[in-house]
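Hi,

Here is the structure I promised to pass on. Have a look at it first, and then read my notes underneath.

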Amino acid sequence: MLRSCLAITTVTATLIATGLPAAACGEEDKPASEKARIAGAPGAVKNVKAVGNVPDAQGAIAMGFLQYGNRDVMAVSGEFGLKVYDLTKNPTAPKLIGEVSLPGLWETEDTEVDVKRKLVFLARDPRAYGGTTQTGESGIYIIDLKNPDKPALLSYTKVPAGHTTSCVDDCRYLWTGGPAKAANQPADWGGRPIWVTDIRDPRNPKTFPNPIELARNDGKTDYVHDVQVDDEGVAWVSGRGGVRGYWTNGHHRDPVQGKVRRATALNPVPYAGGGVEETAAPSKFMHNSFHPAGRRSADGADSNRWHGRDLIYATEESFLDGCAGDGVLTISSLRNSYNGEGWRSTPEKPFRLESVGTWSVAGQEGSDPASGDCSAHYFDVRGKVLVQSFYSQGTRFLDVSDPTDPKQIAYFRPADAAAWAPYWHKGYVYVADNTRGIDILKLTA
């Protein structure tokens with residue numbers, strides 16, 4: 001009897017991969033080197049059950065999920081390109097069904113999917129294929145997953161930025177930002193802002209020449225790291241200088257211009273946000289964010305203000321010697337930022353969001369004291385439980401019902417952890433671990 005198997009479709013890139021950089025560098029990326037761990041150091045697990053692992057996804061960085069009727073599919077991006085898995089029969093044992101091979105790709109953080117058109121967007125960082133931030137090429141790959149068993153590379157577009165790329169305006173446009181500026185970009189920039197790409201025709205994307213989200217760091221154009229869109233359609237832009245939110249469609253009052261106008265992806269309307277207090281995030285580098293749904297407080301006078309949309313959760317990514325000073329999870333209030341304050345901030349008259357709470361993995365139960373790597377990274381929120389990756393400190397589950405005092409309720413830290421991003425999906429947490437592949441976790445607390 002012939003062994004049953006499913007052919008894996010492989011699309012080979014025309015670009016030649018000449019190797020990854022040894023490690024990403026800078027406060028916004030994985031540390032260039034990590035302190036050696038004690039040989040045989042055990043991991044630590046509490047209130048979490050590991051129910052599955054996908055080792056052939058080693059090099060994983062991000063993922064997204066797509067539904068095809070009753071069929072449940074996971075698209076995983078990483079240093080290999082894109083791998084597609086079927087979760088339908090057994091969500092704890094994903095089955096590889098397709099692949100787009102792009103060996104040496106970097107970095108594909110926060111890879112996003114268009115759930116309607118079944119598209120995946122991969123950001124090419126200039127450090128991919130042996131390049132550098134100064135001279136490497138950046139851009140966007142668009143992959144068609146209408147048939148998840150046969151993924152097809154639709155297009156590749158050069159873009160002046162390429163650390164992350166994010167859907168806005170119902171995935172009709174992409175906002176692409178980061179990393180550090182190239183040699184041919186303005187000398188007074190601290191990093192790359194956002195370029196807008198029209199993807200209404202995904203085979204023929206059009207990137208507009210003039211960037212947006214300038215002067216974000218007290219008047220200085222600086223590194224935009226990532227964009228997250230909330231349930232109301234506000235695009236929250238994180239990077240050096242804080243987090244600022246924009247409307248990208250509809251008519252809204254522009255607090256900077258003082259009038260109602262139409263918002264577009266190319267000319268968005270400011271909503272709220274600004275810099276995070278240096279006491280909470282000394283580096284000023286905000287990696288990614290989350291804005292909860294709910295009603296905005298009328299006056300912010302009572303404790304219930306923290307349960308509405310007056311909050312912005314954000315990660316500071318920062319690496320210092322040891323763990324104590326590494327990046328943290330920050331929770332800040334937006335209540336004094338709805339009148340354009342974050343757009344008028346200057347070094348002489350800085351505006352900062354009020355800090356509500358912070359949480360650091362350093363010294364927490366379950367942490368590895370032999371590791372000097374404690375920076376916060378991506379997180380996901382379901383209800384009042386926030387799950388977050390902390391690189392070699394693994395995956396942490398926090399109760400954020402009181403945002404002034406986040407409390408750890410569970411953790412999963414294998415001895416070889418390199419956790420980059422966790423995702424809630426149908427009762428499980430899927431963790432993109434750059435060393436281990438995909439870990440599948442079940443919270444038991």
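Below are my notes on the cavities and on two of the sheets.

Before anything else, please keep in mind that this is a predicted model.

Cavities first. How many cavities of 30 Å³ or more does the structure hold? There are two of them. The largest has a volume of about 50 Å³. Its lining includes a run of neighbours in sequence, Arg216, Asn217 and Asp218, and glycines too, among them Gly241, Gly274, Gly275 and Gly342. Arg244, Lys284, Ser345, Phe351 and Arg352 complete the list. Sorted by class, that lining comes to six polar residues, five charged ones and one nonpolar.

The second largest cavity holds about 30 Å³ of space. Gly394, Thr395, Phe412, Pro414, Ala417, Ala419, Val431, Asp433, Arg436 and Asp439 line it. Here the classes split into five nonpolar, two polar and three charged residues.

Some of those names come back in the sheets. Take the open sheet of four strands, which is ordered β3-β32-β31-β30 and paired antiparallel. At its edges stand β3 (48-54) and β30 (419-425); each has a single partner strand, so one side of each is left without a neighbour in the sheet. On average, neighbouring strands in this sheet are turned by 25 degrees against each other, direction ignored.

Within that sheet, β31 (residues 428-433) and β32 (residues 437-443) run antiparallel and are joined by five bridges. Which residue of β32 is the bridge partner of Val431? It is Asp439, and both Val431 and Asp439 also line the second largest cavity. So if you want one place to start clicking around, you could pick that pair.

The other sheet is also open, with five strands in the order β2-β29-β28-β27-β26 and antiparallel pairing. Its edge strands are β2 (44-46) and β26 (379-382), and since each has a single partner strand, one side of each is left without a neighbour in the sheet. Neighbouring strands here are turned by 25 degrees against each other on average, again with direction ignored.

At the β2 edge, three bridges join β2 to β29 (residues 407-413), and the two run antiparallel. Lys46 stands opposite Tyr411 of β29. The residue numbers of β29 run from 407 to 413, and Phe412 is one of the residues that line the second largest cavity.

Cheers

Conventions: Residues are numbered from 1 along each chain as its sequence is written. This is a predicted model: local features need pLDDT of at least 70, side-chain atom pairs count only at pLDDT 80 or more; totals for chains, interfaces and linings use all residues. Side-chain values use heavy atoms; hydrogens and water are left out. On a 1 Å grid over the protein atoms alone, a cavity is a set of points where a 1.4 Å probe fits but cannot get out, and a pocket is an open set with protein on both sides within 12 Å along at least five of seven lines; lining residues have an atom within 4 Å of a point. Grid points are joined across faces, edges and corners, and a volume is the space filled by probe spheres set on the points. Ala, Val, Leu, Ile, Met, Phe, Trp, Tyr, Cys and Pro count as nonpolar, Asp, Glu, Lys and Arg as charged, and the others, Gly among them, as polar. Two strands pair if DSSP finds at least two bridges between them. Axes are lines fitted to C-alpha atoms, for helices over the stretch in contact, and angles run from 0 to 180 degrees between N-to-C directions.
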